[in-house]
Amino acid sequence: MNLFRLTDRSQRTALIARRQVTLKELFGNKDRLIIGRDPQDDVCLPHPSISRNHAVLTRHDGEFWLTDLGSVNGSYVNGVRIREQFRLKEGDQIAIGPYLFSIVADSLISVDSSRSIRLEARNLEKVVRTPSGQPKTLLADINLVVEPGEFISLLGPSGSGKSTLMDCLNGRRQPTNGAVLANGEDFYDHLIGLSQSIGYVPQKDIIHTQLTVERALYYTALLRLPRDTSPAEIDQRLDQVIRQMELEPHRATLVSQLSGGQIKRVSLGAELIAEPSLLYIDEATSGLDAGTEARMMHLFRKLSDEGRSVVCITHNIENVDVCHLVLILVRGRIAYIGPPSEAPGYFGVNRVSAIYDRLDEKEPEVWQAEFRQSPYHEQYVVRRINSPLPMLIRNADGAEQVEQLTRSAWMPIPLPTPELTAARQSKTQELTANEMASLSQARERLKAKTEAAKHSSKDESGITPHIRRLRQMRLPRLPFFQQFPVLLLRYMELLWHDRRSLILTFCQAPMIAACFLLGFYGKPFEGLMVVPRQLITLERDAASMAVQQLAPSPTRTVLEQLLASDTPLVPTEVVVDPRYNYTLIFILCISVLWLGCNNSAKEIVKESAVYGRERAVNLSIPPYLLSKFVLQTLLSGLQTVLLVGCVYGFLEIAKQTLGTPVPHPGYHLPYDQMIGIFLLLSTCGVAMGLALSAFVGSSDQATALLPYLLIPQFILGGGIITIDTQPLSWLPFLGSPVYWAYRAVRTGETSFPSQFPFYQNYDDSLVWPCLGLAVQTLALMLAAAYFLRRKDVAN
């Protein structure tokens with residue numbers, strides 16, 4: 001039985017979200033029902049976010065059990081993702097993608113948000129605290145209903161609360177008070193399931209412009225659709241979206257070569273891959289010319305005519321005539337909801353663009369009060385909110401009928417009365433610090449009271465439903481080994497298409513090598529120097545007596561000054577001067593770290609808009625970071641080999657042909673081991689750059705902060721001075737990859753006499769440097785993951 005096969009429904013019932021079927025008819029003579037996207041499943045849920053075989057519903061001895069079949073987007077019971085077989089109780093809410101089920105008595109009630117969503121805002125308030133500590137109301141008593149297939153634009157001057165309202169409606173920012181409902185169910189309680197039915201197009205482009213149109217949408221499909229989606233299904237979906245966005249002539253064109261309007265169509269197409277039933281468009285037409293914006297607005301209207309609910313923010317109000325409704329905000333309060341053609345008459349002006357001038361004539365509270373007394377409020381707010389909720393009921397004989405649910409059966413929040421509004425305004429003005437902190441918990445207390453009628457306060461494990469929701473309220477993430485190959489392949493393609501940057505990247509190593517050779521070519525790498533020692537007491541006394549016998553002269557004065565100091569005076573041995581050898585190694589260490597860090601310092605922040613949107617759907621941090629790390633490590637490693645090969649290779653060739661000196665082999669590792677250490681250092685540099693890129697908010701900040709990471713390496717690295725004062729001596733160990741690489745690559749420093757300036761007293765093996773570089777690389781990657789996670793929380 002295919003209970004949810006949309007093609008089997010009549011046009012009259014296709015957009016009814018709630019349905020009811022008896023369990024007897026649902027199971028028939030079976031005790032096990034397979035739920036999934038496959039048309040052959042017992043319960044077919046034809047939505048791209050549903051796996052082919054998603055879950056199993058089992059009936060045994062009068063009890064019902066739900067088992068997830070390893071689906072990508074998961075199965076949830078009361079907001080908690082189930083990991084094993086789960087026994088269902090009456091009233092439990094089962095979320096599978098955009099579908100919500102509940103067993104009540106002998107029937108299964110479903111809420112289908114895959115094709116249409118009725119969005120409601122009930123008494124929304126958003127209060128924040130200013131830097132001075134005072135509460136500031138961004139939204140006040142917002143009541144709104146967006147019907148399926150309706151296109152509504154949010155209008156208002158800058159700072160009126162449009163973006164705040166949209167963020168409260170799409171789940172990006174939870175309101176301080178009030179509720180958002182989707183098809184009559186709490187939006188935030190079921191945000192995980194609804195996330196696959198929501199499309200969000202921000203002002204910034206959410207696709208990579210270095211890819212072609214088809215490849216950009218292809219990678220989006222791989223990341224957002226279940227892993228059991230066949231290549232043929234992906235190709236079919238891509239063809240539909242490209243045709244729908246009128247981009248067929250540009251399939252093989254780089255996105256960066258498209259016009260502004262066409263790029264917006266690609267971004268919108270990326271959101272349509274998963275067939276959302278609710279679209280949020282946040283100033284996506286900003287910066288477009290009037291003709292392009294008009295065409296985009298007509299495209300949004302076309303999408304709403306197909307059954308989607310579309311909520312749009314736009315600053316250009318000349319094209320709002322294509323909308324079904326407009327909502328005009330004044331400092332967080334509603335001044336008008338109604339058809340755009342009737343808005344000028346309501347405000348007493350001749351055209352829509354003149355409305356903004358009228359808004360300054362009255363206080364927002366006055367505009368709000370006048371609107372509530374108008375017939376528009378009665379028609380587009382009160383009647384809609386109080387309208388019955390249709391439910392399609394399928395009887396035991398298979399017949400279908402539509403019944404209307406009363407609002408009291410599912411709506412817990414009443415419309416605001418003048419007394420309630422006045423009380424809230426007074427309360428907001430009197431907020432204390434403790435009350436402000438507790439205000440954000442108001443919605444949770446309200447939901448807890450509502451759920452108390454259906455659930456006991458604790459389950460068998462002693463955990464309250466509210467706590468379980470908080471623990472599990474995170475979007476499903478695809479398995480690591482499904483996302484990582486996709487992200488790696490996409491990143492490779494991005495780098496390949498940006499060939500100019502790729503060529504400049506590989507030209508860095510030869511140019512830096514040329515600078516090295518300008519400074520070090522012909523230097524006396526094998527020049528000899530005497531290693532002196534201090535005089536012993538007997539020697540110093542005998543020398544003093546000999547000097548005293550000399551006649552006064554400049555020579556005697558110099559000898560007396562030497563004997564009075566602790567300067568080593570007695571030659572002990574002759575060694576090769578390590579000065580130029582060690583300086584070359586140290587500057588190479590600095591350069592290798594800089595190459596890795598500079599290459600990756602912008603790789604995350606430059607695509608923050610794309611990352612943010614993909615993260616909001618199902619992107620996992622580990623595969624995303626690792627894809628960047630692997631390719632940047634490869635690029636930086638090739639640069640490192642090229643740099644070291646150019647420097648030492650040219651010096652060796654010059655020695656063979658011109659007889660010029662080369663670095664002394666006793667002062668550095670063999671070349672193969674040297675390159676290995678430098679590769680570890682470049683890897684650590686990549687991790688440092690990724691951590692920086694994850695920390696900052698813009699590419700300019702990454703450029704500005706890069707010297708703060710690299711300049712300290714000159715001091716901590718040990719090539720110029722040695723930090724041996726406690727407790728600062730630990731800084732090189734903890735904060736300098738250059739220190740460990742320099743310590744590993746240079747040799748011979750432990751064999752010098754203790755009074756020699758280049759002498760070092762430590763274990764001269766490669767184990768500790770390699771371990772130090774590995775630990776710092778891991779710590780930096782964990783820091784990058786933490787910074788990305790912190791951005792999630794902030795957003």
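## Helical stretches named in the record

Let's start with residues 629–651: here the chain is 100% helix and 0% strand, with the end C-alpha atoms 32 Å apart. Please keep in mind that this is a predicted model. Residues 671–692 are likewise 100% helix and 0% strand, and their end C-alpha atoms lie 31 Å apart.

Both stretches appear in UniProt, where an unreviewed entry gives the feature "transmembrane region" to residues 502–522, 629–651, 671–692, 704–723 and 766–788.

## Strand 15 and its two partners

Now for strand 15, which spans residues 177–182 and is mostly covered, with six of its six residues buried. One of its partners is strand 12 (residues 119–129); the two pair in the antiparallel sense over five bridges. Within this pairing, Leu119 has Ala182 of strand 15 as its bridge partner.

Strand 16 (residues 185–186) is another partner, running antiparallel to strand 15 and joined to it by two bridges. Ala182 turns up here too, with Glu185 of strand 16 as its bridge partner. Strands 15 and 16 form a hairpin with two residues between them. If you are checking backbone torsions, look at Asn183 in that turn, which has a positive phi of about 55 degrees.

## Two nonpolar cores

The largest nonpolar core has 118 residues, and Phe187 and Tyr280 touch the most other members. Leaving aside residues up to four places away in sequence, Phe187 touches Leu119, Leu169, Asn170, Gly171, Val180, Leu181, Ala182, Leu194, Ile198 and Tyr280. Another core, of 51 residues, lies apart from the largest one and has Val576, Leu651, Phe678 and Leu710 among its members.

As background, nonpolar side chains tend to be buried together in soluble globular proteins.

## Strand 14 between two parallel partners

Strand 14 covers residues 151–155 and is mostly covered, with five of its five residues buried. Phe151, Ser153 and Leu155 point one way from the strand, while Ile152 and Leu154 point the other way, and all are buried.

What runs alongside strand 14? Strand 19 (residues 309–313) pairs with strand 14 in the parallel sense over four bridges, and Ser153 stands opposite Cys312 in strand 19. Strand 20 also pairs with strand 14 in the parallel sense, again over four bridges. There, Leu154 has Leu327 of strand 20 as its bridge partner.

## The covered side of helix 10

Strand 20 comes up again at helix 10. In this helix (residues 364–372), Pro364, Trp367, Gln368 and Phe371 are buried. These residues cover an arc of only 100 degrees around the axis, so they sit on the same side of helix 10.

Which elements cover those buried residues? They include strand 13 (135–146), strand 20 (325–330), strand 21 (333–338), helix 8 (343–347), helix 9 (355–359) and helix 11 (375–386).

## A buried asparagine

Strand 13 is home to Asn143. Is Asn143 buried or exposed? Its relative accessible area is 6%, and because buried means under 20%, Asn143 counts as buried.

The side chain of Asn143 reaches the backbone nitrogen of Asn123 at 3.1 Å. Asn143 also offers a nice example of sequence distance against spatial distance: Asn143 and Ile385 are 242 residues apart in sequence, and their C-alpha atoms are 8.6 Å apart in space.

Terms used:
Residues numbered from 1 in each chain as written. Predicted model: local features only at pLDDT ≥ 70, side-chain atom pairs only at ≥ 80, totals over all residues. Heavy atoms only, no water. Buried < 20%, exposed > 50% of the residue type's maximum accessible area, 1.4 Å probe, protein only. Pairing = 2+ DSSP bridges. Core = buried A, V, L, I, M, F, W, Y, C linked by side-chain atoms within 4.5 Å. Contact = heavy atoms within 4.5 Å. Arc of directions from axis to C-beta. Polar contact = N/O pair within 3.5 Å; in protein donor to acceptor, adjacent residues only side chain to side chain. UniProt positions renumbered as here; feature names shortened; annotations may be inferred.
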